[in-house]
Structures are given as C-alpha cells and as structure tokens.
Amino acid sequence: MIMKKVLVTHPLPGTRIHDLSSHCNELVWRGSGLMPASTLREELADCQGLICMLTDRLSADVLACAPQLEFVSSMSVGVDHVDVPVLSARGIALGNTPGVLVDTTADLAFALLLAAARRVPEADNFVRQGKWSEHNAWSPEFFAGKDVSGATLGLVGLGAISQAVARRAAGFGMDVLAWNRTARHVANVRNVILDEVLERSDFISVHVALAPDTRNLISAARIAQMKPGAVLINTARGGIVDERALAEALLGGHLYAAGVDVFEREPLTADNPLLELSNVVLAPHIGSATQITRARMADLAVDNALAALAGQPMPHCVNPEVYKS
Ligand code: DGY
C-alpha cells in the first residue's frame with residue numbers, strides 16, 4: 001500500500017508524534033527557525049497531508065501549490081493564517097487544537113494585566129540598571145501603579161479563554177463585564193454592550209478570534225472611548241487592535257498601560273511604535289507557551305492528522321461541512 005505523504009513544518013513535542021510515521025510517509029522540516037514560505041510551497045507539491053504551525057501562512061497562492069492536499073492540521077486554536085474558504089471549497093478538512101490552551105493563555109493574560117498595572121518590567125529594569133540608590137530608595141509615589149483588586153475588568157469576547165480570565169478576576173474581587181456577539185451566561189460576569197465595556201472598564205482584555213468582522217475591532221475610535229487611565233491587554237491576535245492608535249493613546253496618557261502578546265506583524269518589526277514605550281509590557285506570542293500545553297497541542301494536531309489518514313472526521317475540525325458532501 002502506498003503511504004500518504006505528510007509534511008510536518010516543525011519537530012513536535014508530545015507523545016502522539018511517534019505514532020505518525022507508521023501511518024504515513026512523514027517529512028519533518030528540521031531547518032533552523034521558521035520554514036521559509038518558498039520551501040513550504042515546494043514541499044507541498046506532492047503532499048496529501050500537512051501539520052503546520054500558526055506561522056505557516058496558507059494563502060490561496062500557497063494552497064494552489066498543493067494539488068494533492070487532503071487535510072491540514074494546525075497546531076493552534078486560531079486559524080487566521082489559513083485561507084479556510086479555499087480549503088472548504090476543495091473539500092479539505094482543517095483541524096485545530098482548542099481547549100488545551102485555555103488556562104495557559106488566561107494565565108498569560110492575567111500575568112500581563114498584573115505586570116502592566118504594577119509596572120513589573122519597568123521596576124525590574126530599574127533595579128538591573130543600578131538606578132535603585134540611596135537617593136532614590138522609596139517615596140510615596142515610587143513605582144505607584146494601578147490597583148487591580150476591586151477594579152472593573154471588561155472582556156471583549158466571552159469564549160473559553162475569556163471565561164478563564166473571568167475566573168481569575170473573581171479571585172481578585174474584580175467586577176467583570178463582558179461583550180460577546182451572543183450573550184453568554186457565565187457566573188459573576190455581566191453581559192453588556194461593547195460601548196459599556198469600553199467606557200466603564202479599568203482593564204480591558206481582548207478575546208475574540210481574528211476574522212474579517214473583528215479586524216481593527218479595537219480601532220482608534222474605540223480606544224478613544226476607553227476610560228481614561230484604562231489598561232488594555234491583548235492575547236488574542238494582532239490585527240484586532242489598532243497598534244498605532246494604541247501607541248498614541250499610551251504616549252498621550254489616555255491609557256495607563258498595555259500588555260500585548262500578539263501583533264499585526266510577527267515577529268515585531270523594529271519600527272513598531274510600541275517598542276518605544278515603557279508603559280507597555282510586550283511578549284512574543286507566548287500565550288500557550290508552557291511545556292505541557294504545547295505537548296497537548298501537538299498531540300491534538302497529530303490526532304487530527306491520524307484521524308484524517310484513517311479516513312475519519314478529525315476530532316477538532318474547523319470546517320466540518322467538508323464531511324457532508
Ligand atoms: C493559538 O493556538 O492560536 C495561539 O495563539 C497559540 O498561542
């Protein structure tokens with residue numbers, strides 16, 4: 001029997017990857033860094049399956065180079081790097097890895113919230129740079145930050161990660177408001193309209209997927225609507241928040257601080273205005289980055305691929321309509 005060829009764009013952690021080679025002819029990219037787009041195109045030419053990362057951009061052009069493709073399994077929950085309509089039109093199933101990264105990502109959102117509110121990176125730099133001296137030891141205003149306990153947290157989107165952030169907020173005695181396209185009933189969370197989230201929250205955390213209707217959702221106008229002195233956290237996706245408007249609001253003092261893990265262009269380019277600001281805590285898209293969570297994500301991605309290789313529906317399929325035809 002001829003085995004199908006499956007390209008894996010990065011060596012994977014977890015245990016399930018060891019099962020893959022007995023079910024297909026796997027090709028694991030072992031180059032340094034990210035797989036170049038040109039290599040992805042070349043390698044896809046004769047592949048029936050693909051296990052990819054969120055850094056592999058599967059545009060219509062790239063997919064056109066993969067005439068034999070039967071399935072794609074992305075080691076990510078977000079699939080904004082993939083042209084899903086093109087896959088669906090060709091009947092190609094797309095798998096993702098939801099669920100396992102919920103708490104890990106919520107932890108990072110809360111870590112950024114606390115770090116931004118209490119100026120932790122700024123304080124760390126201050127000490128390391130030898131600025132903490134006898135003349136500058138303590139004063140009532142010294143590194144005075146923003147209170148988290150008892151503050152109002154506004155959630156933009158109320159999916160699983162957002163709900164996990166709300167649970168953490170409950171431990172800090174926060175009042176939690178949320179906007180979601182369709183209201184969801186979650187303990188200790190009040191559903192309100194987006195305007196109210198923006199206008200009433202001391203902290204706003206973004207938790208919607210990047211899609212055509214959420215691109216630039218947190219626009220300059222919506223940032224202007226935010227309560228003066230608010231803190232914005234984004235662990236969802238770049239492209240949802242207008243980064244230039246955010247930088248201006250942080251520089252001009254309308255917003256107190258921000259914590260950002262995801263960017264319009266990743267890796268961040270040297271001209272990104274957020275890099276200049278000390279009141280923004282930056283992270284390199286590490287929301288799901290713990291060893292256990294990454295291994296679980298990899299295992300789910302392999303399970304999706306194994307199901308597809310066995311001719312079964314993927315356990316986590318983004319476009320299940322492909323199974324109906
Ligand atoms: C995802 O899986 O989409 C996350 O952004 C990874 O951290």
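Modeller: A polar contact is a pair of N or O atoms within 3.5 Å; inside the protein one atom must be able to donate a hydrogen and the other to accept it, and residues adjacent in sequence count only through two side-chain atoms. The model is predicted, with local features requiring pLDDT of at least 70 and side-chain atom pairs pLDDT 80 or more, while totals for chains, interfaces and linings use all residues. Residues are numbered from 1 along each chain as its sequence is written, and side-chain values use heavy atoms, leaving out hydrogens and water.

Colleague: What makes the approach of Ser 288 to the ligand a polar contact?

Modeller: A polar side-chain atom of Ser 288 is 2.8 Å from an oxygen atom of the ligand, and this value is within the limit, so the pair counts as a polar contact. For Arg 237, an N or O atom of the side chain is 2.7 Å from a ligand oxygen. The corresponding distance for the side chain of His 285 is 2.8 Å. The protein covers 92% of the 240 Å² of accessible area that the ligand has on its own (Shrake-Rupley method, 1.4 Å probe).

Colleague: Which residues are around the ligand?

Modeller: They are Leu 54, Ser 76, Val 77, Gly 78, Leu 101, Arg 237, His 285, Ser 288 and Met 297, each with a heavy atom within 4 Å of the ligand. This shell divides into 4 nonpolar, 4 polar and 1 charged residue.

Colleague: Is His 285 buried or exposed?

Modeller: His 285 has a relative accessible area of 18%. Buried means under 20%, exposed over 50%, and partly exposed in between, with a 1.4 Å probe and protein chains only; His 285 is therefore buried. The residue lies in the loop between β12 and α11 (291-309) (helices and strands are DSSP runs of at least four H or I residues and at least two E residues, numbered from the N terminus). Its phi is near 55°, a positive value in a residue other than glycine.

Colleague: What makes such a phi value notable?

Modeller: Most residues other than glycine have a negative phi. Asn 188 also has a positive phi, about 65°, and is found in the loop between β7 (175-179) and β8 (189-191). Asn 188 is called exposed because its relative accessible area is 65%.

Colleague: What is the relative accessible area of Ser 74?

Modeller: The value is 0%, so Ser 74 is buried. Ser 74 lies in strand β4 (residues 71-74), and its C-alpha atom is 7.3 Å from that of Thr 97, 23 residues apart along the chain.

Colleague: How do you know that the side chains of Lys 4 and Glu 70 meet in a salt bridge?

Modeller: Their N to O distance is 2.6 Å. A salt bridge requires a side-chain nitrogen of Lys or Arg within 4 Å of a carboxyl oxygen of Asp or Glu, so the pair qualifies. Lys 4 lies in the segment before β1 (5-8) and Glu 70 in the loop between α3 (60-64) and β4, so the pair ties together parts that are 66 residues apart in sequence. At 31% relative accessibility, Lys 4 counts as partly exposed, and Glu 70, at 37%, is likewise partly exposed.

Colleague: Why does Lys 146 have no salt bridge?

Modeller: Asp 202, the nearest side chain of opposite charge, is 4.4 Å away, and this distance is over the limit, so the pair does not count. Lys 146 is buried, and a polar atom of its side chain lies 2.8 Å from the backbone oxygen of Gly 229.

Technical notes. Ala, Val, Leu, Ile, Met, Phe, Trp, Tyr, Cys and Pro count as nonpolar, Asp, Glu, Lys and Arg as charged, and the others, Gly among them, as polar. Lys and Arg count as positive and Asp and Glu as negative; His and the chain ends are not counted.
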